[in-house]
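Hi,

Here is the structure I promised to pass on. Have a look at it first, and then read on for what turned up.

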Amino acid sequence: MLKTLSLSWAFNSMAWSGLLYTVFILHFVLVCQLLLLQPLVSALGGKQGNAAELFESVSQNIKVKRYSEALNDLNAAIETDPALSEAYFHRASILRQLCRYEESEKSYKKFLELKPGNSVGEKDLSQLRQAQSALETAFSLFDSRDHAKGLEYLDKVVLVFSPACSKAKILKAKLLLAAKDYSSVISETGFILKEDENNLEALLLRGQAYCYLADHDVAQRHYQKGLRLDPEHSELKKAYFGLKNLLKKTKSAEDNVNKGKLRLAVEDYKGALALDPNHLAHNVHLHLGLCKVLVKLGRGKDASSSCSEALNIDGELLEALVQRGEAKLLTEDWEGAVDDLKSAAQKSPQDMNIREALMRAEKALKMSKRKDWYKILGVSKTSSVAEIKRAYKKLALQWHPDKNVDNREEAEAQFREIAAAYEVLGDDEKRAKYDRGEDIEDMGMGGGGFNPFGGGRGGQQFTFTFDGGFPGGFGGGGFGFNF
């Protein structure tokens with residue numbers, strides 16, 4: 001009896017175990033089916049064949065720029081129903097917006113196989129090809145540096161038909177950077193980074209734009225973020241370390257100026273300028289700093305050139321205008337100095353330093369236009385009275401009209417110049433005024449001045465006698481000079 005009960009219990013246990021195993025297998029298969037079919041069910045809104053809900057879901061994903069999710073839903077729907085033509089059309093449209101043109105074209109063609117002659121599909125396919133061609137053209141225009149035309153192709157064609165095209169957006173930022181429209185670069189890359197905060201190209205371009213606006217701290221932060229994401233990114237490394245080197249060179253130049261090491265400062269300024277010729281917002285200050293140092297060193301020509309470079313970048317830079325005026329004084333470009341300093345004085349009429357510099361330049365210009373009596377007598381500004389007298393007597397003999405009968409008019413003109421020069425330089429008071437640049441009355445430059453053919457001024461009479469006297473009424477047998 002016990003044996004019979006034992007066998008019965010064993011058979012019952014086996015039956016229950018088999019039943020439990022069967023239930024487990026059925027549940028396992030059900031779960032697998034649910035996992036495998038979930039994308040398809042999701043794609044069709046929980047009901048296979050419910051295309052309206054599918055396309056509504058796709059539309060919502062596109063609005064929030066979840067293109068990958070929209071494509072996944074469409075791909076799942078197409079796998080479920082390869083004849084679902086609208087799914088091909090929507091997939092082609094999304095791929096076109098992303099400028100994945102080859103994939104998009106295949107989907108459009110599949111749609112047109114299912115819907116031959118569909119005008120909307122044919123129109124969209126044509127737009128795809130226009131966008132693809134325009135993008136290729138824009139890249140070519142970037143390479144040939146036709147920035148304006150390249151931007152036109154992107155804005156009017158590519159980004160109209162492919163508004164989600166990241167390649168086109170990055171290219172647009174590059175074109176704007178090359179065109180030096182740095183504010184627009186910041187704006188465009190801002191949109192890109194809002195969608196993808198780790199876009200390395202956008203971080204690089206945005207950093208470069210901030211750099212060229214001389215906002216170096218913000219530029220470095222963009223470079224550093226990019227390098228944290230990819231420490232070996234060559235362009236980010238080049239931009240980051242290039243900027244650090246530029247700032248280091250600039251500081252070295254400024255420190256050497258403060259220490260009075262002007263020649264070292266010149267080399268540092270030149271080195272900094274050579275690092276990035278396109279960095280105009282920073283280079284304008286480097287050119288000005290170099291100009292100021294060169295003025296201090298007395299290198300007027302080089303200083304004028306450096307200040308002109310600064311003014312080419314910023315024509316309203318007052319200090320560069322003043323420093324160029326000072327540089328032109330060093331090169332004796334009196335008129336140029338007056339022009340620059342007069343312009344500076346008009347821009348800043350209350351600046352007494354500029355007014356003083358202008359007065360110096362105007363005085364120098366005025367002095368440059370008067371006759372150089374020292375040069376006429378062939379003496380230096382440090383010559384003694386005796387040296388001036390000897391030079392005068394020598395030249396008077398050389399150009400005496402009686403000695404130059406064949407070139408009488410020239411001799412008379414030269415003789416008057418010589419006499420007028422001695423009238424000023426032979427008088428201590430007039431000579432001192434002349435050296436100071438003051439106006440001197442009656443110094444032989446106009447009516448009422450010294451007359452070499454008339455009587456003396458008193459004092460010792462020194463007479464040169466020439467045979468035959470002065471022809472034409474210059475006096476009898478001699479000509480007197482007073483010393």
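Rings of Phe, Tyr and Trp (for Trp, its six-membered ring) count as a pair if their centres lie within 6.5 Å. With that in mind, start at Phe89, Tyr108 and Phe111, which form one aromatic cluster.

Before going further, please keep in mind that this is a predicted model. The chain has a mean pLDDT of 83, and 81% of its residues reach 70 or more. Residues 1-12 have a pLDDT below 50, and that stretch has zero contacts in the model beyond near neighbours in sequence. Residues 19-49 also stay under 50, although here the model has 18 contacts beyond four places in sequence. Where pLDDT is low, the predicted coordinates should not be read in detail.

Back to the rings. The whole structure holds six aromatic pairs. One of them joins Tyr182 and Tyr212, with 5.3 Å from centre to centre and 40 degrees between the planes, which makes the pair tilted. Tyr182 sits in helix H9 and Tyr212 in helix H10 (residues 200-212), so this pair ties together parts that are 30 residues apart in sequence. Tyr182 is buried at 10% relative accessibility, and Tyr212 is buried as well, at 16%.

Then there are Tyr392 and Tyr422: their ring centres are 4.2 Å apart and their planes are at 5 degrees, so this pair is stacked. Here helix H20 (residues 385-398) supplies Tyr392 and helix H21 (residues 408-425) supplies Tyr422, so the parts tied together are 30 residues apart in sequence. Tyr392 and Tyr422 are both buried.

Next, the cysteines. A disulfide is a covalent bond between the sulfur atoms of two cysteines. The chain has two disulfides, and they follow the pattern 1-2, 3-4 when bonded cysteines are counted along the chain.

- Cys99 and Cys165 have their sulfur atoms 2.1 Å apart. The torsion about their S-S bond is about 70 degrees, so this disulfide is right-handed. It links distant parts of the chain, 66 residues apart: Cys99 is in the loop between helix H4 (85-97) and helix H5 (101-114), while Cys165 is in the loop between H7 and H8. Both Cys99 and Cys165 are buried.
- Cys291 and Cys307 also form a disulfide, with 2.1 Å between the sulfur atoms. The torsion about this S-S bond is -95 degrees, and the link of Cys291 and Cys307 is left-handed. Cys291 belongs to helix H14 (residues 280-296) and Cys307 to helix H15 (residues 300-313), so the pair ties together parts 16 residues apart in sequence. Cys291 and Cys307 are both buried.

Now for the charged side chains. Side chains of opposite charge can pair when their charged atoms come close. How many salt bridges does a search of the whole structure find? The count is 25, and these are some of them:

- Lys149 and Glu152 meet at 4.0 Å, N to O. They are three residues apart in helix H7 (residues 147-161), so about one helical turn separates them. Lys149 is partly exposed, with a relative accessible area of 35%, and Glu152 is partly exposed at 33%.
- Glu188 pairs with Lys172, and their closest N and O atoms are 3.3 Å apart. Glu188 is in helix H9 (residues 182-195) and Lys172 in helix H8 (residues 166-178), so parts 16 residues apart in sequence are tied together. Glu188 is buried at 19% relative accessibility, and Lys172 is buried at 12%.
- Glu326 and Arg360 meet at 2.8 Å, N to O. Glu326 lies in helix H16 (residues 318-330) and Arg360 in helix H18 (residues 352-369), so this pair ties together parts 34 residues apart in sequence. Arg360 is partly exposed, at 40% relative accessibility.

Lys65, Lys169 and Glu195 are joined into one network by salt bridges that share partners.

One thing from the records: an unreviewed UniProt entry carries the annotation "repeat: TPR" for residues 85-118 and 200-233. In the model, residues 85-118 are 79% helix and 0% strand, with the end C-alpha atoms 11 Å apart. Residues 200-233 are 79% helix and 0% strand, and there the end C-alpha atoms are 9 Å apart.

Last stop: Asn256, in helix H12 (residues 234-258). Asn256 is buried, at 10% relative accessibility. Beyond its neighbours within four places in sequence, Asn256 is in contact with Lys261, Leu262, Leu264, Ala265 and Asp268.

Cheers

Conventions. Residues numbered from 1 in each chain as written. Predicted model: local features only at pLDDT ≥ 70, side-chain atom pairs only at ≥ 80, totals over all residues. Heavy atoms only, no water. pLDDT = per-residue confidence, 0-100. Contact = heavy atoms within 4.5 Å. Helix = DSSP H or I, 4+ residues; strand = E, 2+ residues; numbered from the N terminus. Buried < 20%, exposed > 50% of the residue type's maximum accessible area, 1.4 Å probe, protein only. Salt bridge = Lys/Arg side-chain N within 4 Å of Asp/Glu carboxyl O. UniProt positions renumbered as here; feature names shortened; annotations may be inferred. Phe/Tyr/Trp six-rings, centres within 6.5 Å; stacked < 30°, edge-to-face > 60°. Disulfide = S-S within 2.5 Å.
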